[in-house]
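Subject: Structure handover

Hello,

Here is the structure I promised. Please load it first, then read the notes below.

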Amino acid sequence: MDHDVNGAVRNSNPRIVVGISGASGVIYGVRVLDALKELGVESHLVVTRAALLTLSQETDLGPDDLTGRASVVHKLADVGATIASGSFRTLGMIVAPCSVKTMSEIATGVTSTLLTRAADVVLKERRPLVLMVRETPFHLGHLRTMTALAEMGATIAPPLPAFYSRPKSIDDMVDQSVGRALDAFGLDWSAVRRWEGLNGPAAAGAAA
Ligand SMILES: Cc1cc2nc3c(=O)[nH]c(=O)nc-3n(C[C@H](O)[C@H](O)[C@H](O)COP(=O)(O)O)c2cc1C
C-alpha cells in the first residue's frame with residue numbers, strides 16, 4: 001500500500017505491461033501472461049496485428065485465448081490508455097516475443113502504437129524494460145539497435161534455451177526463458193530451474 005500527501009491509502013497493485021509482437025515465438029507471450037497470473041501480478045496486455053498472425057500460425061489458440069489470460073487488455077491504437085502515461089505506476093514492461101520492427105521503433109522513440117509508446121514511457125521512467133528479441137541471424141543494424149537500447153537501460157533477453165536445466169520438452173525451454181526474463185522484475189516464478197552448483201540436483205541429473 002502507498003499513501004498520498006494527505007495520508008490516504010493509494011492502490012499499489014503490482015502491475016507489468018506485456019507487449020506481444022509478431023516475431024516467431026508467440027508462446028513466450030502466452031506463458032508470460034500465465035506466469036504473471038500465477039505470481040499475482042496484474043498484467044496489462046497490448047498485442048500487435050502481426051502477433052495475431054503468428055498466434056494463428058504457431059498455436060491452436062485464438063485471440064480470446066490470449067486476451068483471456070490478461071488482467072487488462074489495451075487496444076493497439078489507444079494511445080490514451082493508462083499505460084501510455086508514466087504517472088500510471090507499473091513495475092515495468094516485457095515484450096515477448098519482440099520483433100525487429102518493434103525493437104527498432106522503441107529504439108528510435110518514434111512510437112506509432114500503444115505498445116511502443118508504453119515501452120518508451122517505461123524507459124523514460126527508468127523502469128525495467130525487457131525485450132525478448134527474436135530473429136536470427138542478426139545483421140549489424142540489429143546489433144547496433146540492441147546496443148542503443150542497452151545503453152538506454154533496456155534488458156535485451158533473446159529467448160535462447162539453456163541446457164543446464166535439462167529441459168525435457170519445448171514447454172520446459174519456453175518456461176525457463178520466460179522465468180529468467182521475469183527475474184528482471186524481481187519475480188521468482190516456480191517454473192524456473194535454478195543452477196545450484198556442480199553438486200546440485202541439476203548436476204546430479206546430468207551425471208545420471
Ligand atoms: C510466421 C511469422 C514469423 C515471423 N518471425 C519473425 C521473427 O522471428 N522476428 C522478426 O523480427 N519478425 C518476424 N516476422 C515478421 C514480423 O511479423 C513483421 O516484421 C511485422 O511487421 C512485425 O510487426 P510488429 O512488430 O508490429 O508485430 C514473422 C512473421 C511471420 C508471419
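A word on the annotations before anything else: UniProt positions are given in the numbering used here, and an annotation may be inferred rather than shown by experiment. Also, this is a predicted model.

**Binding-site annotations**

With that in mind, UniProt lists Gly22, Ala23, Ser24, Thr48, Ser99, Val100, Lys101, Thr102 and Arg134 as "binding site", from an unreviewed entry. I looked at two of these, Ser24 and Thr102.

Ser24 sits in the loop between strand E3 (15-20) and H1. Is Ser24 buried or exposed? Neither label fits: Ser24 has 15 other C-beta atoms within 10 Å, so it is partly exposed. Neighbours within four places in sequence aside, Ser24 contacts Thr54, Glu58, Pro97 and Arg134. Arg134 is itself on the UniProt list.

Thr102 belongs to helix H4 (residues 100-108). Its C-beta has 25 others within 10 Å, so Thr102 is buried; the cut-off for that is 20 or more. With the same sequence neighbours left out, Thr102 touches Ser21, Thr48, Val95, Leu115 and Thr116. Thr48 is on the UniProt list too.

The UniProt annotation "binding site" (unreviewed entry) also covers Tyr164 and Arg180. They are spread over 17 residues of sequence, yet they cluster in space, with a largest C-alpha distance of 13.4 Å. Tyr164 is in the loop between strand E8 (155-156) and H7. Arg180 is in helix H7. Tyr164 has 14 other C-beta atoms within 10 Å, so it is partly exposed. Arg180 has 18 within that radius, so it is partly exposed as well.

**Helix packing**

H7 also takes part in a helix pair. How do H1 and H7 pack? Helix H1 (residues 26-39) meets helix H7 (residues 170-182) at an angle of about 60°. Their axes are 9 Å apart. That angle makes H1 oblique to H7. The crossing is right-handed.

Which residues form the contact? From H1 come Ile27, Tyr28, Arg31, Val32 and Ala35. From H7 come Val174, Asp175, Ser177, Val178, Gly179 and Leu182. By class, this contact has 7 nonpolar, 2 polar and 2 charged residues.

Best wishes

Terms used: Residues numbered from 1 in each chain as written. Predicted model: local features only at pLDDT ≥ 70, side-chain atom pairs only at ≥ 80, totals over all residues. Axes fitted to C-alpha atoms, helices over the stretch in contact; angles between N-to-C directions. Helix = DSSP H or I, 4+ residues; strand = E, 2+ residues; numbered from the N terminus. Parallel < 35°, antiparallel > 145°, perpendicular 65-115°, else oblique. Left-handed = near helix turned anticlockwise from the far one by under 90°. Contact = placed C-beta atoms within 7 Å. Nonpolar A, V, L, I, M, F, W, Y, C, P; charged D, E, K, R; others polar. Buried ≥ 20, exposed ≤ 12 C-beta atoms within 10 Å, placed from the backbone.
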